[in-house]
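Trainee: I should like a close look at one helix packing in this model, followed by an account of the aromatic contacts elsewhere in the chain. Please treat the matter as one connected description.

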Amino acid sequence: MDQDDGFEDRVRLSGDGAEEAAPQLAPMEYGGDGSPAARLTPALIEPWRPGELIRLDGVAERNGFGPLMMAFFGLVVAFILFQVVISPIAVFILLAANGVSMADLANDLAGVMAEQVGALLTANTIGQFLGLALPTFVLVRLHTKQTGAFLRIRRADPLFLLLSAVGLVAFLPTVQWLGSVNEMIPLPESIQSFEQQQMELIEGLLTSGFSLWFGLFVLAITPGLCEEVLFRGYIQRLSERSLGILGGILFSGIVFGLYHLRISQALPLSALGIYLAYLTWRSGSLWPAIVVHIMNNAIALGVGRYVEMSPDLSMADFENMEIPWYLVVLSVTIFSGLFLAMQRRAERLLDETPEVLPTS
């Protein structure tokens, strides 16, 4: 640290440094006169840019709002904005623009929804951008001005990206098997009925004949971007600070699985969420999770197109498909090898990461 001899006096580390979940502390100057403040301001050390601090100087940090409390607050805000406010309003506006009245909805809701798939998907896309992604960027400003660094929006290693994508393909049979295990859990009839309606809506959306590019944008790219910014960018960062690395990965993944409101698919969705959370932490970048999320949804869209061309099949047939035990074993074996390869690649990249000048 020859460039700045006072750096170690200004930064107080906890534990062994970058691998610790607790935020590091660094003093900041407050007030208009420029005099040093007596208190320390928490800051995160970014292991992918040694010496660089992500200063937690936002209003939530200055007022002592805990990371986990803010994570739950962010989840509630995003849920209300997306599910209760923006998406429903967008649906009514788009339906009205298409000549659908409230009386039409009251008389034949299912029929209107089946005929207005484009409006539904467009409203969902608007809801994701304005109800999930945009509020996340606003919430981050409550913690820091370094939005991109906080959300881990940084370039990803191409080889790690490739290993992540191949890892998804290897992991999918295990995810499918977890879905069949989840189906064995008895659920109340009311929940079964609700989820059956959800399944019929999803199948109707995936097999409604819209253009492939439109489907990729609204069903793969949009959730891949918006949901990852919220769950792996914001929620995971906060939960890592409170629960540690492993706890943050598990919390982010499980909340992601439950957030979809499909109890019968909570296990596979949570497993996928945990994988996405691991990719984000291990690579130090949000992009592997975004790419894998988009890829997973694109595969589901492809399955929907296949079902559309096969009158004897349904989406439920795929979700309830029994996976042979040997395929699960093969899936776990290949995935484990790819997991080790990702670990080694990330460790090598960290060893080669140049140290940047410390921020004052």
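Mentor: In this predicted model, helix H3 (residues 67-97) packs against helix H6 (residues 117-140) at an angle of about 150 degrees, and their axes are 8 Å apart. The crossing of H3 with H6 is right-handed. Where H3 and H6 meet, the contact is made up of 17 nonpolar and 7 polar residues, with no charged ones.

Helix H6 also contributes to the aromatic pairs, of which the chain has 12. One of them joins Phe 129 and Phe 217, whose rings are stacked, with 6.5 Å from centre to centre and 25 degrees between the planes. Phe 129 belongs to H6 and Phe 217 to helix H10 (residues 212-259), so this pair ties together parts of the chain that are 88 residues apart in sequence. Phe 129 counts as partly exposed because its relative accessibility is 33%, between the limits of 20% and 50%. Phe 217, at 38% relative accessibility, is likewise partly exposed.

A further pair, Phe 171 with Tyr 275, is tilted: the ring centres are 5.7 Å apart and the planes make 55 degrees. This pair too links distant parts of the chain, since Phe 171 is in helix H8 and Tyr 275 in helix H11 (residues 266-283), 104 residues apart. Phe 171 has a relative accessibility of 11% and therefore counts as buried, the cut-off being under 20%. Tyr 275 is buried as well, with a relative accessible area of 4%.

Tyr 275 has another neighbour in H8, namely Ser 164. This serine is placed in helix H8 (residues 158-183) and touches Tyr 275, Leu 279, Pro 288, Val 292 and Met 342, leaving aside residues up to four places away in sequence. Ser 164 is buried, with a relative accessible area of 0%.

An aromatic cluster returns the description to the helix at the start: Phe 79, Phe 231, Phe 256 and Tyr 259 form one such cluster.

As for the wider setting, the chain contains 14 helices and 3 strands. Of its 360 residues, 47% count as buried. Among contacts with a separation of 6 or more, 74% are between residues 24 or more positions apart. The accessible surface of the chain comes to about 17,900 Å², and carbon and sulfur atoms account for 66% of that area.

Conventions: Residues numbered from 1 in each chain as written. Predicted model: local features only at pLDDT ≥ 70, side-chain atom pairs only at ≥ 80, totals over all residues. Heavy atoms only, no water. Axes fitted to C-alpha atoms, helices over the stretch in contact; angles between N-to-C directions. Helix = DSSP H or I, 4+ residues; strand = E, 2+ residues; numbered from the N terminus. Left-handed = near helix turned anticlockwise from the far one by under 90°. Nonpolar A, V, L, I, M, F, W, Y, C, P; charged D, E, K, R; others polar. Buried < 20%, exposed > 50% of the residue type's maximum accessible area, 1.4 Å probe, protein only. Contact = heavy atoms within 4.5 Å. Areas by Shrake-Rupley, 256 points an atom, 1.4 Å probe, with all protein chains shown as cover. Phe/Tyr/Trp six-rings, centres within 6.5 Å; stacked < 30°, edge-to-face > 60°.
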